[in-house]
Amino acid sequence: MKAIVQRLHQLVNETNEQEKRVERETINSANKLISKIWLAMKVGKNQKNGNRFIKCLNDLLNKQANHLLEDFKKSLHDKSRSLVEVGCIRMMVRYDDELKKLTESYLEKKVIEQSFEKMICAAYSEFNQMLKSEILQQENGIHGDVSKVLDIKRGEQILCFVKSTSDVYHSIELLDQLKKLPSYPLVESQSPLSQQKLIAEKQIFFSTTVAQTSLTFPALKYVIDTGIINMPIYDAQTDTTILTELPASDSTITQRIGRLTRTQDGEYFPLYNPHVERPDFTTPQIYQTELSDVDFALRKSSEEKYSLATFKQWLPDQPSQAIIVRAHDRLKKLGILNYNERFSDDGKAIAKLPDFGSLSMKISVYFGLTKEKCDQDMIRLAAILSVLNTTFILSQLSPQFKQEEEGDYMSLLTLMNAIIEKPNMIKNNELEDIDHLLRRALLRKWSYIARALLAGHNENLYVALKELNGRIHQYCRYNNVTQEETRKQIAKLDKATTLSQLRQPSIVIARDVLCTADVRKLSILSIIGSIQPVWLDNSLIRKFELTRKERIYFQENIRASDDFKAVSQHVCNMVDNKALELSGNAGQVFETERFVCQQLIRPHDWNLVDDDQLDRDKNLKMNVESIRKCLLMFFPLIWRFENEKQAIVRVMIDGIDNCKILVESRDKYNETIREEFDSFVKWLRKCVSIQHLHSDISPQRLQKPDAEIEERIRLVTDPERTRADLMQDVLYGTREIRMQVVAWIAVVEFDCKLEGGFIRDWIVGHRSSRPSNLDPKTWMTFNPKTGLPELDSNLVPADLDCHLSLDKYFDLEHFLDRMHTYKIKVKPFRQPWRYVLLFDEDAPTGPFTMDLIEPHIALTHDRIDFNLNNLYVKRGFTRELGQRIDLSEPPCSIQLDDIVEDIRKYQFRILRPIDKFMEERIVKMKRRGYKQIGEPFSIILTPP
């Protein structure tokens, strides 16, 4: 009995020792992990937030460590009880060895490290929620839950400040979608009377800076402030004004707070980070705007005694010298100043005219009065343009005033003529009876008005890139050769324009060229008129690049032709080793450039595969036969080159077993097209059997539905998701959540099919992992041979794999614009068979990539490596998973639920013969913890 008691004491001591050992090891592991992330985040400005993030992670680790210790103690005590029973019978049992084995087994699992990735994601989520709640508070102690303002009572009002008019209307739309609450705009285009009527009758308002001053609300209870403004900032180096998003100044914030307490007490809710640095006052516009109008006004008012350069000494803060020089140079360019720095004869005459809103419009009116016989029309047009700051009025015009052939200027003139001649016509619709007469009369007037406008707005002349072998719906600035690459060079038309969208005008003139941070890289042409080349009478030098073949063809064929000589009769042309330079009258230069671009479009043709190769390679021959039955697979490629390069591509059946490619394009584009078809043939050689156009299995629900999986499917396929919902994910989401947003845009807005690792690892498996180095900048490198981004193999999920739609043209520029809308930074790369996009290269959540594979290439991807990679999702199927190929028939007999279950159990089946490529794939899967089950299958699709 004494021996048994001694052994029981030994067991208790050993149990206590093992408990302490595991506790020490667990705490040590947690501290090591904390140290790793601390070193990654303890840098500069990140230190403050880094401390707070470490606290979130530390709390989670402590909870996890306690949880693990409790589990171990339970296991240890269970083991001890069993040892007591055995030990009482068999005295030779060694308690210390048995308990050490249990401890060693437990510590080898490294459960802390294995669960660390999930804890990082949870800590990020908690940390972001903490920051988000603080951003909703202002440093001066104003606190509160902003959501409560939507529970307003009758007679109370809400005013929300946003940065732009587009944000005003977008916010109104979102509030209606999310809460079914009506709200109303307060913007610059409204009359004071309309604003006062809204304020007197309505409750919820979204406003730009217009509501900061002068407006008094009778029952304003809440002011919500985003704390940002849009400010036009002029860059003298590039001669470009960009509408830039900036933090509102402290004085602006004070004005907005001052809307409250005028008629009753209220609350202010700041939706901005109080730690963002703000200026005390808004920078005066004279320091950040183009000043040629100011320079002209100073010279005029002082009878040419003063100019901006001499008057600047009286200003408290002087504009930069670069801005002053630009203003002076523009006056000379417009012919206002002569070589003696005095007013020219035209300049003196223009100085006598009344104010028409801008110097450019003054010049246009002057030319209308003196040279173009349209004095009354120009004065009427100037009158309405001088009070328009936006294009809002264009969208409100009734069809009877819209001049789709000539554009916005003539539409506005039609409106002015109707108002002046018969003020009641607009209300009584009396214009319908004489509409055809007005149109005929206006057609005769527009050429004179256009010439007058060109005199003052010649810098804003744009030519459709479509005319010069470029993209549809884009325009390039048609000016002299310059080294300046500015946002103004490429533009698109304002959506509000009255110009016909069906017949894209070749040349347009714009009153305003708007550059804004909200648009990724193009400028926007506002208040537009269509121009004929014969109306252009200024001199111009144009230079455009030619390839070596194109230079030879121009010199030997185009230049010597009678047609070229007729078109370029008064245009000088010179060819160097890179480009063709044209100089002369602008209208004739344009006609010449357009003619050359058209002549450079030449026919090219070749067989998809050489006939002798078809004879040698039976599998390739079989695949070409399949292609001949489904040539529509090339439609997206055809649409892309037609829209982006004005190249005509046709794929036709040739002979009994081949296809012929027919191309009409410039030589340099033909080389690109041929490269893409050659790449397709390379894939075709590797392909055992090309897929049917619609060989995949339509998405289906699981036999055993999983609510969590279905929710993750919905997040990338549901067309009903709102922009507010997506922005929330972008701003506060982890790397995986941001990947979901990008996937949603690709799937829902661009009809892509998402498949591959993201479906397997995240949507079904809900797994993620990070490399051991926690600094996201180390997770990606560029391949020195291809230049493409490559991610660390320990990142899970790594990337997004998408197949582009067979049914529509994929516009990469439009896709990048959508990413810009959500403030997601993207770097695109192009290979002949796919786009590779790098996202979030510098984001704290870490980078990821996306492959967008051309649909005709996707059809050659006939062999699937593992059953786990057979899944896809598509738009509108919010709870279902699709399969790329049908595996339900023997010999596989694998159902959809079987694939999902294998993903859960970390096991996979091989679906193709094991070669070098497959060996690497298998090693990668095993490194991630998966194990192979069953014998490999060899699945080959039946040819179409």
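These are my notes on residue S164 and the sheet beside it.

**Ground rules.** I am reading a predicted model, where local features need pLDDT of at least 70, side-chain atom pairs count only at pLDDT 80 or more, and totals for chains, interfaces and linings use all residues. Residues are numbered from 1 along each chain as its sequence is written, and side-chain values use heavy atoms, without hydrogens or water.

**S164.** I looked up its place first. S164 sits in the loop between strand 1 (157-161) and helix 5 (165-179). Helices (H or I, at least four residues) and strands (E, at least two) are DSSP runs, numbered from the N terminus. Is S164 buried or exposed? S164 counts as buried because its relative accessibility is 10%; buried means under 20% relative accessible area, exposed over 50%, partly exposed in between (1.4 Å probe, protein chains only). I then checked contacts (heavy atoms within 4.5 Å). Beyond neighbours within four places in sequence, S164 touches T208, N230 and D518.

**The sheet.** I traced five strands in an open, parallel sheet, ordered 2-3-1-4-7. Strand 2 (184-186) and strand 7 (267-270) are the edges, each pairing on one side only. Two strands pair if DSSP finds at least two bridges between them. Strand 1 and strand 3 (residues 204-207) run parallel, joined by four bridges. In strand 3, F205 stands opposite L159.

**Helices on it.** Helix 5 packs on the sheet and touches strand 2 and strand 3, at about 150 degrees to the direction of strand 3. Angles run from 0 to 180 degrees between N-to-C directions, with axes fitted to C-alpha atoms, for helices over the stretch in contact. Helix 7 (residues 250-257) lies across strand 1, strand 4 (220-225) and strand 7, at about 155 degrees to strand 4.
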